[in-house]
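Reader: I would like to go through this structure feature by feature. Please give the general idea each time, then the case at hand.

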Amino acid sequence: MNVEIYVKYWCGYCKAAKQVLEQLGLTYREIEVEGQPEALEEMLSRSEGRTTVPQIFINGQGIGGYTDLAKLVRSGGFPVA
């Protein structure tokens, strides 16, 4: 499973999302967007203009942010592969 997460270093929701991924035993690629205009532009393009962080992608598909991840995990709908 390929997991990517766009973050800002000071973001509490980003830290929480990373913690959930780690608790699930998943490795992820962390992409810092603070002060990185190219990374921010990439995130905006991939997330259909969503400007909040984190933005999480599983196998190239955007699932949203921390609250979306938490809902998926709670509902049993998280795409574990």
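Author: We can begin with charged pairs. A salt bridge here is a side-chain nitrogen of Lys or Arg within 4 Å of a carboxyl oxygen of Asp or Glu. The model is a predicted one. In it, R29 forms a salt bridge with E4, and the closest N and O atoms are 2.9 Å apart. R29 belongs to strand 2 and E4 to strand 1, so the pair links distant parts of the chain, 25 residues apart.

Reader: Are the two partners of that pair, R29 and E4, buried or exposed?

Author: Buried means under 20% relative accessible area, exposed over 50%, and partly exposed in between. R29 has a relative accessible area of 45%, so R29 is partly exposed. E4 is at 9% relative accessibility and therefore counts as buried.

Reader: How many salt bridges does the rule give?

Author: The count comes to four salt bridges. One of them is between E34 and K8, where the closest N and O atoms are 4.0 Å apart. This pair also links distant parts of the chain: E34 sits in the loop between strand 2 and helix 2, K8 in the loop between strand 1 and helix 1, and 26 residues separate them. E34 is partly exposed at 33%, and K8 is partly exposed at 22% relative accessibility.

Reader: What does the salt bridge of E30 and K18 tie together?

Author: The side chains of E30 and K18 meet at 3.1 Å, N to O. E30 lies in strand 2 and K18 in helix 1, so the salt bridge ties together parts that are twelve residues apart in sequence. E30 counts as partly exposed at 41% relative accessibility, whereas K18 counts as buried at 16%. Elsewhere, salt bridges that share partners join E4, R29 and R46 into one network.

Reader: Next, the helix that carries K18. How should I read which of its residues are buried?

Author: An α-helix has 3.6 residues a turn, so residues three or four places apart point the same way. Helix 1 covers residues 12–23, twelve residues in all. From its first C-alpha to its last, helix 1 reaches 16 Å, close to the 16 Å expected at 1.5 Å a residue. Its buried residues are C14, A16, A17, K18, V20 and L21.

Reader: Which elements do the buried residues of helix 1 pack against?

Author: They pack against strand 1 (3–7), strand 2 (29–32), strand 3 (55–58) and helix 3 (66–75). Just after helix 1, G25 takes a positive phi of about 80°.

Reader: Which residues touch the most other members of the largest nonpolar core?

Author: A nonpolar core joins buried residues of nonpolar types through side-chain atoms within 4.5 Å. The largest one has 21 residues, and L21, I56 and L69 touch the most other members. Strand 1, helix 1, helix 2 (37–46) and strand 3 each supply at least two residues of this core. Leaving out residues up to four places away in sequence, I56 touches a set of residues that includes V3, I5, A17, I63, Y66 and L69. E4 is also among the contacts of I56.

Reader: How many disulfides does a search of the whole structure find?

Author: The test is a pair of cysteine sulfur atoms within 2.5 Å. The search finds zero disulfides. As for accessibility, C11 is buried, with a relative accessible area of 5%, and C14 is buried at 1%.

Methods. Residues numbered from 1 in each chain as written. Predicted model: local features only at pLDDT ≥ 70, side-chain atom pairs only at ≥ 80, totals over all residues. Heavy atoms only, no water. Helix = DSSP H or I, 4+ residues; strand = E, 2+ residues; numbered from the N terminus. Expected span 1.5 Å × (residues − 1). Buried < 20%, exposed > 50% of the residue type's maximum accessible area, 1.4 Å probe, protein only. Contact = heavy atoms within 4.5 Å.
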